[in-house]
Amino acid sequence: MAIGAFSAQTVQDVAAGAGGQAQASQLRRRLGKADLRAVPEVRRALRELLRHWGRPGRSEIAELLTSELVTNALIHTDHDAVLTATVAPGGLRVEVRDFVARRPSLRVPNADDGTHGRGLVLVQSLADAWGVRAHGVGKAVWFELDAGTA
């Protein structure tokens with residue numbers, strides 16, 4: 001069962017179009033409105049993308065943070081979203097674009113909220129960089145790991 005549109009390019013695919021130099025591999029997935037089944041599917045696809053990344057321990061962090069961004073987009077909007085994960089020599093960048101302009105806000109989680117309210121706190125704590133950028137219709141929430149490292 002397909003959860004959404006999926007495409008992944010291997011480093012070799014990208015290199016073939018870049019004069020033989022490996023530059024990046026990418027995962028893109030369209031996420032259906034409120035379809036939380038997409039979360040484990042995205043984690044598996046990201047795990048496969050990062051299989052040869054060579055950053056011990058960082059792949060697990062990437063999966064966790066990606067799960068948080070995807071879950072937030074699906075729960076807090078009433079629209080589809082698009083995930084893009086790019087592995088390049090400089091590191092990993094994951095972006096989840098949705099079609100609602102309302103910006104997410106960091107909030108101190110309330111102990112009575114159970115598991116709610118901790119997603120962006122995790123992203124802020126574990127990512128090397130993260131942010132929110134507006135686009136024509138909506139926003140993109142992104143994070144980077146190992147940005148600028150060899």
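**Exercise 1. An acidic residue and its partner**

Is D35 buried or exposed, judged by its relative accessible area? Work this out in the predicted model, and then describe the salt bridge that D35 forms.

*Solution.* Begin with the cut-off, since a residue counts as buried when its relative accessible area is under 20%. D35 has a relative accessible area of 12%, and is therefore buried. Next, look for the partner: D35 forms a salt bridge with R37, and the closest N and O atoms of this pair are 2.9 Å apart. Finally, examine the other end of the pair, where R37 has a relative accessibility of 48% and counts as partly exposed.

**Exercise 2. The chain as a whole**

Describe the order of helices and strands in the protein chain, and then characterise its burial, its contacts and its surface.

*Solution.* The inventory comes to 4 helices and 6 strands, and along the sequence these elements follow the pattern β-α-β-α-α-β-β-α-β-β. For burial, the protein chain has 150 residues, of which 39% count as buried. For the contacts, take those between residues at least 6 apart in sequence; among these, 58% join residues at least 24 apart. For the surface, the accessible area of the protein chain is about 8200 Å², and carbon and sulfur atoms account for 53% of that area.

**Exercise 3. The buried face of α4**

Identify the buried residues of helix α4, explain how they are arranged around the helix axis, and state what covers them.

*Solution.* Helix α4 spans residues 119-126, and its buried residues are G119, L120 and V123. Viewed down the axis of α4, these buried residues fall within an arc of 90°, so they line one face of the helix. A general property of helices is useful here: an α-helix has 3.6 residues a turn, so residues three or four places apart point the same way. The cover over the buried residues of α4 includes helix α3 (58-76) together with the strands β5 (129-135) and β6 (138-145).

The two strands in this cover can then be examined as a pair. β5 and β6 run antiparallel to one another and are paired over 7 bridges, while a hairpin of 2 residues joins β5 to β6. Within this arrangement, H135 stands opposite G138 in β6.

**Exercise 4. R58, D146 and their network**

Locate R58 and D146, establish whether each is buried or exposed, and trace the polar contacts and salt bridges that involve them.

*Solution.* Start with location: R58 lies in helix α3, whereas D146 is placed in the segment after β6. Then consider accessibility. R58 is buried, with a relative accessible area of 18%, and D146 also counts as buried, at 12% relative accessibility.

The third step concerns polar contacts between side chains. Those of R58 and D146 are joined by a polar contact of 3.2 Å, and a polar contact of 3.2 Å also joins the side chains of D146 and R55. The fourth step lists the neighbours, leaving aside residues up to four places away in sequence: R58 touches W53, L126, D128, L145 and D146, and D146 touches W53, R55, R58, G90, G91 and D128. To conclude, R55, R58, D128 and D146 are linked in a network of salt bridges.

**Exercise 5. Salt bridges across the sequence**

How many salt bridges does the count come to? Describe the pairs R30 with D80 and R93 with E144, and state which parts of the chain each pair links.

*Solution.* The count comes to 14 salt bridges. One of them is formed by R30 with D80, the closest N and O atoms being 3.6 Å apart. R30 lies in strand β2 (residues 25-31) and D80 in the loop between α3 and β3 (81-88), so the pair ties together parts that are 50 residues apart in sequence. With relative accessible areas of 38% for R30 and 27% for D80, each of these residues is partly exposed.

In the second pair, the side chains of R93 and E144 meet in a salt bridge with an N to O distance of 2.9 Å. This pair links distant parts of the chain, for R93 is in strand β4 (residues 91-98) and E144 in strand β6, 51 residues apart. R93 is partly exposed, with a relative accessible area of 27%.

How values were computed: Residues are numbered from 1 along each chain as its sequence is written. This is a predicted model: local features need pLDDT of at least 70, side-chain atom pairs count only at pLDDT 80 or more; totals for chains, interfaces and linings use all residues. Side-chain values use heavy atoms; hydrogens and water are left out. Buried means under 20% relative accessible area, exposed over 50%, partly exposed in between (1.4 Å probe, protein chains only). The arc is that of the directions from the helix axis to the C-beta atoms. Contact means heavy atoms within 4.5 Å. A polar contact is a pair of N or O atoms within 3.5 Å; within protein, one must be able to donate a hydrogen and the other to accept it, and residues adjacent in sequence count only if both atoms are side-chain atoms. Accessible areas come from the Shrake-Rupley method with a 1.4 Å probe; for residues, only the protein chains shown count as cover. Two strands pair if DSSP finds at least two bridges between them. A salt bridge is a side-chain nitrogen of Lys or Arg within 4 Å of a carboxyl oxygen of Asp or Glu.
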